[in-house]
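Welcome, and thanks for opening the viewer. Let us walk through this model together, one selection at a time.

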Amino acid sequence: MCRSIKTLRPPAMPEEATEADIRAAALQYVRKVSGFRAPAAHNQEVFERAVETIAQATAELLDGLEVRGAARRVS
């Protein structure tokens, strides 16, 4: 796993993960999996679509997790 992706759920984060936190983690994941820090122009669309899809899935995951002793995320 990419070391720069941080845990986004409580209690690992003192506050709720923001959209920016979620998107940054998704971007790091796509960079790691694709092997590209920045895609070439002909891959830009698929790269951005992957980031958005992963960010959405991550937000859904965080919204659905129940962590003992922590309040649930409110979107």
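What percentage of the 75 residues of the protein count as buried? The value is 24%. Please keep in mind as we go that this is a predicted model.

**Stop 1: the whole chain**

Start with a cartoon view of everything. You should find two helices and zero strands. The helices are α1, covering 19–34, and α2, covering 44–64. Now switch on a surface: the protein exposes about 5700 Å², and carbon and sulfur atoms supply 55% of that area. If you like to look at contacts, take those between residues at least 6 apart in sequence; 54% of them join residues at least 24 apart.

**Stop 2: Arg 23 and its partners**

Next, select Arg 23, Glu 48 and Glu 52 and show their side chains. These three residues are linked in a network of salt bridges.

Begin with the Arg 23 and Glu 48 pair, where the closest N and O atoms are 2.6 Å apart. Glu 48 sits in helix α2 and Arg 23 in helix α1, so you are looking at a link between distant parts of the chain, 25 residues apart.

Then turn to Glu 52, which also forms a salt bridge with Arg 23; here the closest N and O atoms are 3.2 Å apart. Because Arg 23 lies in helix α1 and Glu 52 in helix α2, this pair ties together parts that are 29 residues apart in sequence.

Are these side chains buried, exposed or somewhere in between? Arg 23 is partly exposed, at 30% relative accessibility. Glu 48 is partly exposed too, with a relative accessible area of 28%, and Glu 52 is partly exposed at 41%.

**Stop 3: a pair within α2**

Stay on α2 and select Glu 45 and Arg 49. They form a salt bridge, with the closest N and O atoms 3.2 Å apart. The two residues are four apart in helix α2, so about one helical turn separates them. Colour them by accessibility: Glu 45 is exposed, with a relative accessible area of 60%, whereas Arg 49 is partly exposed at 46%. For the protein, the count of salt bridges comes to four.

**Stop 4: the largest pocket**

Now hide those side chains and look for open space. Which residues lie nearest the centre of the largest pocket? Select Ile 5, Lys 6, Leu 8, Ala 25 and Thr 58 to find them; they belong to a lining of 13 residues. The elements that give two or more residues to this lining are α1 and α2, and α2 gives the most, with four. The pocket has a volume of about 280 Å³.

Try colouring the lining by residue class. Nine of its residues are nonpolar, two are polar and two are charged.

**Stop 5: beyond α2**

For the last selection, pick Arg 68, which is in the segment after α2. Arg 68 counts as exposed, at 84% relative accessibility. Add Pro 11 and draw a distance between the two C-alpha atoms: they are separated by 9.4 Å, while the residues are 57 apart along the chain.

To finish, bring the cartoon back and find the two helices once more, with the network of Arg 23, Glu 48 and Glu 52 shown as sticks.

Notes. Residues numbered from 1 in each chain as written. Predicted model: local features only at pLDDT ≥ 70, side-chain atom pairs only at ≥ 80, totals over all residues. Heavy atoms only, no water. 1 Å grid on protein atoms, 1.4 Å probe; cavity = no way out; pocket = protein on both sides within 12 Å on 5 of 7 lines; lining within 4 Å. Points joined across faces, edges and corners; volume = space filled by probe spheres on them. Nonpolar A, V, L, I, M, F, W, Y, C, P; charged D, E, K, R; others polar. Buried < 20%, exposed > 50% of the residue type's maximum accessible area, 1.4 Å probe, protein only. Contact = heavy atoms within 4.5 Å. Areas by Shrake-Rupley, 256 points an atom, 1.4 Å probe, with all protein chains shown as cover.
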